[in-house]
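Got the viewer open? Let's walk through this one together, stop by stop, with something to select at each.

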Amino acid sequence: MELMAKKLEVGRLMIPVLIVGAGPYGLSLANYMSAMGQEFKIIGKPMELWKKHTFSDASLRSEMATSEIAHPQNAYSIQNFRSQNGLDIGKSSERINVREYRQYVDWVLAAIPYKIQPEYLSNLSQRGDCFQAELESGEVLKAKQVVIATGVAHHLNIPSEFSGARDIMHSYYTQEIEALQGKKVLVVGAGQSAAEAMEICRNNNNQVHWYARQEPRYYSEPLDLPKWIFNLVVKSAGLFRRLPHGLIQYLFSIFSATTMTPDHKVKLAGVNRFSTLPDLRNYDHVISATGYNYTLNHMNFLADELRSSLKMRAAMPRIDKNFMSSMRDLYFIGPSTEMFFGPPMKFMIGSQYVAPRLSKLLSE
Ligand SMILES: Cc1cc2nc3c(=O)[nH]c(=O)nc-3n(C[C@H](O)[C@H](O)[C@H](O)COP(=O)(O)OP(=O)(O)OC[C@H]3O[C@@H](n4cnc5c(N)ncnc54)[C@H](O)[C@@H]3O)c2cc1C
């Protein structure tokens, strides 16, 4: 009965803009729209990746200045957070640790002047000239424009070669990994998540082996470039699709390579690394730190008809220079748009390009 009543509400409430996802991209967009007095609704678990799926004892990879939730007056800078909390404001090039970053996130979430509905979208379909969004609670919303900012959660990549493992978990499940004690663990991967998983597991008295086909590459990401070049890459995200193919390949090789920060070279010196796959049956757990694979088919909260009608490029919907897919009023932002706007979209800094532009377009 209650569900029926909610369904009957459809048609009365037309949301001008529904933002699906409350991570750095969704929130940054919401901040710009809110500052412009635009009407919108935002759903998703607030900063879920940062609160639940990063290792508490790690540091962010990006620097302070490139890890902030965007706002037109830069109201939510980490330096503002520090000074309002009586902390030393530090240098904008510092790498902040995850525990402090979570406090910063809570400070932002307490300050924003709008509500986030902390729920997942379970089905989005097109209905005439608008969208119908069904939430997990059964609530149904009607929206004129929809922005998909669902980040990494639907795209965990676990290669099939590990299917013989007794227990396999993706590195996204950091809390489960942090709980392992005294186990025999194989960590797979050559990136930062593999390095952090190994460090946490070793500190928790697990026996850790490592499988990475190649020696890792070490550098501090994303800024191992002169600052002005990095800023240029971010500011020119809109030109990315017009760059010569060779330059695009070069930028991907710098920003998208699997790397770990140089401090791990020393920290991991004593870990036994295999370059061919060891017998998985010898391990209590295999941790697959094998990244993310952005594919529209993983976004099962989009109705089949909607998904099948989108024009594609590789495995993701093709989006234009205004972030719009081939379906009018349906937008995609965040890491899955890397191939259209360049490697900065994989990082929080990309939201500083997206939020001011998209908020303006949505208000037109
Ligand atoms: C372990 C790890 C460490 C990283 N470290 C850094 C770093 O140091 N610096 C950096 O710049 N980048 C880092 N990144 C990259 C990071 O993915 C991006 O910077 C950023 O978090 C992406 O923001 P987002 O808003 O697109 O997505 P996310 O942060 O993934 O947020 C997604 C949002 O969508 C919501 N959502 C998901 N599905 C649904 C649904 N069906 N309905 C409604 N809402 C939904 C979630 O609840 C969440 O609110 C890291 C990534 C990982 C995985």
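Before you colour anything, remember that pLDDT is the predictor's confidence in each residue, on a scale from 0 to 100. You'll want that here, as this is a predicted model.

**Stop 1: colour by confidence**

Colour the chain by pLDDT. The average is 92, and 96% of the residues score at least 70. Now select residues 1–11: pLDDT stays under 50 there. The model gives this stretch nine contacts beyond four places in sequence. Where pLDDT is low, the predicted coordinates should not be read in detail. Hide the stretch if you like, and move on.

**Stop 2: the whole chain**

Switch to cartoon and zoom out. You are looking at 13 helices and 16 strands. The radius of gyration is 21 Å, close to the 21 Å from the globule rule for 364 residues, so the chain is as compact as a globular protein of that length. Along the principal axes, the C-alpha atoms fill a box of roughly 60 × 45 × 45 Å. Of the 364 residues, 36% count as buried. Take the contacts between residues at least 6 apart in sequence, and 71% of them join residues at least 24 apart.

**Stop 3: two domains**

Give each domain its own colour. For domain 1, select 2–155 plus 293–363; for domain 2, select 160–288. How far apart do the C-alpha centres of domain 1 and domain 2 lie? The answer is 25 Å.

Next, bring up the interface, where 22 residues of domain 1 are in contact with 21 residues of domain 2. On the domain 1 side, look for α12 (338–341) and α13 (351–363), each of which supplies at least two of the touching residues. That side of domain 1 divides into nine nonpolar, seven polar and six charged residues.

**Stop 4: the ligand**

Centre the view on the ligand and show what surrounds it: 32 residues. The closest are Gly-21, Gly-23, Gly-44, Gly-151 and Gly-334. Two elements give two or more residues to this shell, α2 (24–35) and α3 (48–52). Which of the elements has the largest share? That's α2, with three residues. Colour the shell by residue class and you get 17 nonpolar, 11 polar and four charged.

**Stop 5: Ser-359**

Select Ser-359, in helix α13. You may remember α13 (351–363) from the domain 1 side of the interface. Is Ser-359 buried or exposed? Ser-359 has 23 C-beta neighbours inside 10 Å, so this residue counts as buried. Show the contacts beyond four places in sequence, and you'll find Leu-29, Tyr-32, Met-33, Met-36 and Gln-38. Try the distance tool on Ser-359 and Met-36: they are 323 residues apart along the chain, yet their C-alpha atoms are separated by 8.4 Å.

**Stop 6: Ser-288**

Jump to strand β13 (residues 285–288) and pick out Ser-288. Ser-288 counts as buried because 26 C-beta neighbours lie inside 10 Å. Leaving out residues up to four places away in sequence, Ser-288 touches Ile-158, Phe-162, Ile-168, His-170, Ser-171 and Val-188. Add Ala-194 to the selection: this residue is 94 residues from Ser-288 along the chain, with 7.9 Å between the C-alpha atoms.

**Stop 7: Gly-90**

Now head for the loop between α4 (78–84) and α5 (98–111), where Gly-90 lies. Gly-90 has 12 C-beta neighbours inside 10 Å and therefore counts as exposed. Apart from neighbours within four places in sequence, Gly-90 is in contact with Met-64 and Arg-82. Draw a line from Gly-90 to Gln-103: that's 13 residues in sequence and 16 Å in space, C-alpha to C-alpha.

**Stop 8: two positive phi angles**

Finish with some backbone geometry. Select Asn-205, in the loop between α7 (192–203) and β9 (207–211). Its phi is near 60 degrees, a positive value in a residue other than glycine. Asn-205 counts as exposed, because 11 C-beta neighbours fall inside 10 Å.

Then go to Asp-329, in the loop between β15 (316–317) and β16 (330–332). Here phi is near 70 degrees, again positive in a residue other than glycine. With 17 C-beta neighbours inside 10 Å, Asp-329 counts as partly exposed.

Notes: Residues are numbered from 1 along each chain as its sequence is written. This is a predicted model: local features need pLDDT of at least 70, side-chain atom pairs count only at pLDDT 80 or more; totals for chains, interfaces and linings use all residues. Two residues are in contact if their C-beta atoms, placed from the backbone, lie within 7 Å. Domain bounds come from an automatic or database domain assignment. Helices (H or I, at least four residues) and strands (E, at least two) are DSSP runs, numbered from the N terminus. Ala, Val, Leu, Ile, Met, Phe, Trp, Tyr, Cys and Pro count as nonpolar, Asp, Glu, Lys and Arg as charged, and the others, Gly among them, as polar. The radius of gyration is taken over C-alpha atoms; the globule rule is 2.2 Å times the number of residues to the power 0.38. A residue is buried if 20 or more other C-beta atoms lie within 10 Å of its own, exposed if 12 or fewer, and partly exposed in between; C-beta atoms are placed from the backbone. A residue is near a molecule or strand if its C-beta atom, placed from the backbone, lies within 6 Å of it.
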